[in-house]
Amino acid sequence: MANEINKDAEVTISISKNGSYRVNGSITLLDAEGNDIGSEKETVFLCRCGASKKKPFCDASHKNADWDASLFGQS
Ligand code: FES
């Protein structure tokens, strides 16, 4: 089922090649103080490279960051 979204899943998390986590579905996303920071969205992109200036969201900084997921055994 590579590259397919399971329509029966309530939430699907997809790893972008050398990029973000795409979270699709109805979720609750809270910051460290418990504030809702993204629950109204059906799709959010979360940073996994550490370079985003809008963490926890991806701001596409991974494209210019010296970060390679394959160095961590990931794609
Ligand atoms: S994964 Fe996109 S900015 Fe980190």
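**Reading a predicted three-stranded chain**

Author: Alanine 60 counts as partly exposed, because 14 other C-beta atoms lie within 10 Å. A residue is called buried with 20 or more other C-beta atoms within 10 Å of its own, exposed with 12 or fewer, and partly exposed in between, the C-beta atoms being placed from the backbone. The model is predicted, so that local features need pLDDT of at least 70 and side-chain atom pairs pLDDT 80 or more, while totals for chains, interfaces and linings use all residues. Residues are numbered from 1 along each chain as its sequence is written.

Reader: What percentage of the 75 residues of the chain counts as buried?

Author: The buried share is 9% of the 75 residues.

Reader: How many helices and strands does the chain have?

Author: Both elements are DSSP runs numbered from the N terminus, helices being H or I over at least four residues and strands E over at least two. Here there are 0 helices and 3 strands, and the order from the N terminus is β-β-β.

Reader: In which order do the 3 strands form the sheet?

Author: Strands pair if DSSP finds at least two bridges between them. In this chain the sheet is open, with the order 1-2-3 and antiparallel pairing. Strand 1 and strand 3 are the edges; each has a single partner strand, so one side of each lacks a neighbour in the sheet. From one strand to the next, the twist averages 20°, where axes are lines fitted to C-alpha atoms (for helices over the stretch in contact) and angles run from 0 to 180 degrees between N-to-C directions.

Reader: How many bridges join strand 1 to strand 2?

Author: These antiparallel strands are joined by 5 bridges. Among the bridge partners in strand 2 are glycine 25, for valine 11, and valine 23, for isoleucine 13.

Reader: Which residue takes a positive phi in the hairpin of strand 1 and strand 2?

Author: Most residues other than glycine have a negative phi. In this hairpin, with 5 residues between the strands, asparagine 18 has a positive phi near 55°. Asparagine 18 belongs to the loop between strand 1 (11-15) and strand 2, and is partly exposed because it has 16 C-beta neighbours inside 10 Å. Alanine 60, in the segment after strand 3, also has a positive phi, of about 75°, without being a glycine.

Reader: Where does a peptide bond to proline 56 start, and is that bond cis or trans?

Author: Most peptide bonds are trans. The bond from lysine 55 to proline 56 is cis, with omega near 10°. Proline 56 is located in the segment after strand 3.

Reader: Is serine 26 buried or exposed?

Author: Serine 26 is exposed, because 10 other C-beta atoms lie within 10 Å. Its place is the loop between strand 2 (21-25) and strand 3 (43-46). Threonine 12 is 14 residues away from serine 26 along the chain, and their C-alpha atoms are 9.6 Å apart.

Reader: Which residues is leucine 30 in contact with, leaving aside neighbours within four places in sequence?

Author: Contact requires C-beta atoms, placed from the backbone, to lie within 7 Å. On this basis, leucine 30 touches Asn35, Asp36 and Ile37 beyond those sequence neighbours. Leucine 30 lies in the loop between strand 2 and strand 3, and counts as exposed because it has 12 C-beta neighbours inside 10 Å.

Reader: What percentage of contacts between residues at least 6 apart in sequence joins residues at least 24 apart?

Author: Of those contacts in the chain, 21% join residues at least 24 apart.

Notes
Two residues are in contact if their C-beta atoms, placed from the backbone, lie within 7 Å.
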